[in-house]
Amino acid sequence: MGKPTGFLEYQRLSEAYEPVAERLKKYKEFVLRLSDEQAAVQGARCMDCGIPFCNNGCPVNNIIPDWNDLVYRNQWKEAIEVLHSTNNFPEFTGRICPAPCEAACTLNINSDAVGIKSIEHAIIDKAWEEGWVQPRPAAAKTGKKVAVVGSGPAGLAAAQQLARVGHDVTVFEKNTRIGGLLRYGIPDFKMEKGLIDRRMAQMEAEGVRFRTGVIVGSDTAAPGIANDAKEFVSAEALQKEFDAVILAAGSEVPRDLPVPGRELGGVHFALEFLIPQNKAVAGDGPNPISAEGKHVVVIGGGDTGSDCVGTSNRHGAASVTQFELMPMPPEQENKALTWPYWPIKMRTSSSHEEGCERDFAVATKEFFGKDGKVTGLKAVRLEWKDGRMAEIAGSEFEVKADLVFFAMGFTNPLGKLLESFGVEKDARGNAKATTDGAGCYATSAPKVFAAGDVRRGQSLVVWAIREGRQCAREVDQFLMGETVLPR
């Protein structure tokens with residue numbers, strides 16, 4: 001695969017970024033795609049390693065060595081065909097997936113992994129530019145109708161797969177635009193939303209129908225959950241009208257921090273900041289929360305926290321501080337112990353590089369303020385032993401804060417949605433549905449299936465695509481008694 005001696009001859013070349021000063025002026029993507037020649041050289045680094053662990057490191061089981069080799073040989077059209085055979089939306093994963101495939105790369109044992117994500121990015125962007133991404137409508141209709149609740153990556157992947165085998169698919173979304181957290185949770189500087197729009201156009205040409213502003217199962221959403229719905233459809237109505245229903249609504253309930261002062265103005269869930277910002281960029285109204293000139297504290301060290309950091313810096317925040325409950329991870333993993341699994345190590349995002357003070361092993365104890373608005377918080381340092389944390393006596397400190405964002409993850413899907421369909425929940429409040437044996441992705445409710453974060457809990461976009469594809473296969477099998485869709 002690639003050039004037999006390529007991994008010895010060439011060094012890894014990562015995608016370049018625009019300068020910080022330039023990218024902070026806008027909400028556009030700033031990652032510079034590899035040129036065709038650069039991508040070919042990176043593809044040449046792919047080893048003929050016998051067992052390509054990258055395939056299993058990738059949740060959608062991308063056939064990575066094959067398209068690396070095709071790019072090396074300048075066979076780009078064949079490369080996108082291989083890539084699309086396992087991944088409906090490589091333009092999403094090529095931008096925002098953390099690339100567990102690279103952690104599993106055989107070359108990563110004692111060198112720098114093949115730049116798989118950058119090659120994927122180059123393949124799909126070139127494919128769109130060359131006009132190779134075209135609608136693939138079904139040759140014949142089955143007469144079966146499927147409802148998909150939720151338009152994130154799991155719902156979109158399931159909808160596209162089912163439409164391509166002839167089912168009439170309708171996607172229901174409670175917000176104004178399609179895409180779920182791809183649309184509203186991820187800032188445009190990481191993924192511009194025109195990428196979703198052109199996929200929507202392709203899917204509409206394939207027969208998928210989109211209904212936005214429609215909430216299903218319950219006419220209200222929980223606090224902290226975006227809801228633009230102007231129309232309500234009951235679970236009973238959906239089950240009556242459609243031959244199968246897929247719940248792909250995500251894990252939407254944000255984790256709260258119920259400490260004294262939580263009620264103060266300026267203390268928000270992360271998406272209360274990010275969603276209006278994405279709407280503002282799209283021209284759908286201003287963001288009521290401004291970080292301009294303010295001292296911002298982000299609680300939570302994951303991707304959502306990083307997005308709050310990047311957005312706050314673009315607002316012109318006076319300072320940005322990010323707290324993480326866990327201790328600081330090592331700068332470099334012990335590859336002999338962690339490979340081919342996803343390692344815990346220090347990761348610095350592009351948003352952190354734009355300006356952020358990071359602090360680890362910190363617990364927030366209290367918010368304080370003046371005239372009903374937050375002005376600061378009290379925190380304490382933690383000591384971790386054997387996986388348990390304990391507060392360090394005398395380590396309490398205060399931090400100035402005009403805005404605080406909770407980016408501590410999501411606990412479970414909206415319970416009312418599952419209850420309206422009579423879907424049994426697991427111990428974490430997710431839709432209970434197995435992925436093994438007969439009846440995969442089927443819930444306890446007749447002809448109701450579940451896929452993505454609504455079933456597995458909060459996870460990666462690539463896992464959502466995998467579950468959407470696999471769920472589509474199970475629904476097709478349920479409706480037709482057989483299926484040609486890939487597992």
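Buried residues make up 54% of the 487 residues in this protein. Buried here means under 20% relative accessible area, exposed means over 50%, and partly exposed lies in between, with a 1.4 Å probe and protein chains only. Keep in mind that this is a predicted model: local features need pLDDT of at least 70, side-chain atom pairs count only at pLDDT 80 or more, and totals for chains, interfaces and linings use all residues. Residues are numbered from 1 along each chain as its sequence is written, and side-chain values use heavy atoms, with hydrogens and water left out.

Now the overall picture. The protein has 20 helices and 20 strands. These are DSSP runs numbered from the N terminus: helices are H or I with at least four residues, strands are E with at least two. The radius of gyration is 23 Å, close to the 23 Å that the globule rule gives for 487 residues, so the protein is as compact as a globular protein of that length. That radius is taken over C-alpha atoms, and the rule is 2.2 Å times the number of residues to the power 0.38. Along the principal axes, the C-alpha atoms fill a box of roughly 65 × 60 × 45 Å.

About 20,900 Å² is exposed, and carbon and sulfur atoms supply 51% of it. Those areas come from the Shrake-Rupley method with a 1.4 Å probe; for residues, only the protein chains shown count as cover. On to contacts, meaning heavy atoms within 4.5 Å. Take the contacts with a separation of 6 or more: residues 24 or more positions apart account for 67% of them.

Next, the sheets. One open sheet has five strands in the order β5-β4-β3-β8-β20, with parallel pairing. Two strands pair if DSSP finds at least two bridges between them. β5, residues 209-212, and β20 are the edge strands, and each pairs on one side only. On average, neighbouring strands of this sheet are turned by 20 degrees against each other, direction ignored. For angles, axes are lines fitted to C-alpha atoms, for helices over the stretch in contact, and values run from 0 to 180 degrees between N-to-C directions.

Inside that sheet, β3 and β4, the latter at residues 168-173, run parallel and are joined by five bridges. A147 stands opposite T170 in β4. Helix α10, residues 153-164, packs on the sheet and touches β3, β4, β5 and β8. Its direction makes about 165 degrees with that of β4.

There is another open sheet of five strands, also with parallel pairing, in the order β10-β18-β11-β12-β13. β10 at 267-269 and β13 at 357-360 stand at the edges with a single partner strand each, so one side of each is left without a neighbour in the sheet. The twist averages 20 degrees from one strand to the next.

Look at β11, residues 295-299. Why call this strand largely enclosed by the rest of the structure? Four of its five residues are buried, so the rest of the structure largely encloses β11. β11 pairs with β12, residues 319-324, in the parallel sense over five bridges. There, V298 has Q322 as its bridge partner. The chain gets from β11 to β12 through helix α15, residues 303-315, and this β-α-β crossover is right-handed. Right-handed means that, with the strands pointing away from the viewer, the path from the first strand over the helix to the second runs clockwise.

β11 also pairs with β18, residues 403-406, in the parallel sense over four bridges. V296 stands opposite L403, and V297 stands opposite V404. α15 packs on this sheet, touching β11, β12 and β18, and its direction makes about 175 degrees with that of β12.

Finally, some backbone and loop details. The W339 to P340 peptide bond is cis, with omega near 5 degrees. P340 lies in the loop between α16 and α17.

Two residues have positive phi without being glycine. N74 has phi near 65 degrees, and Y441 has phi of about 65 degrees. Buried or exposed? N74, in the loop between α5 and α6, counts as exposed at 56% relative accessibility. Y441, in the loop between α18 and β20, is buried, with a relative accessible area of 0%.

Last residue: W132, in the loop between α9 and β3. W132 is partly exposed at 28%. What does W132 touch, leaving aside its neighbours within four places in sequence? W76, K77, I80, K126 and A127. I80 is 52 residues from W132 along the chain, and their C-alpha atoms are separated by 8.3 Å.
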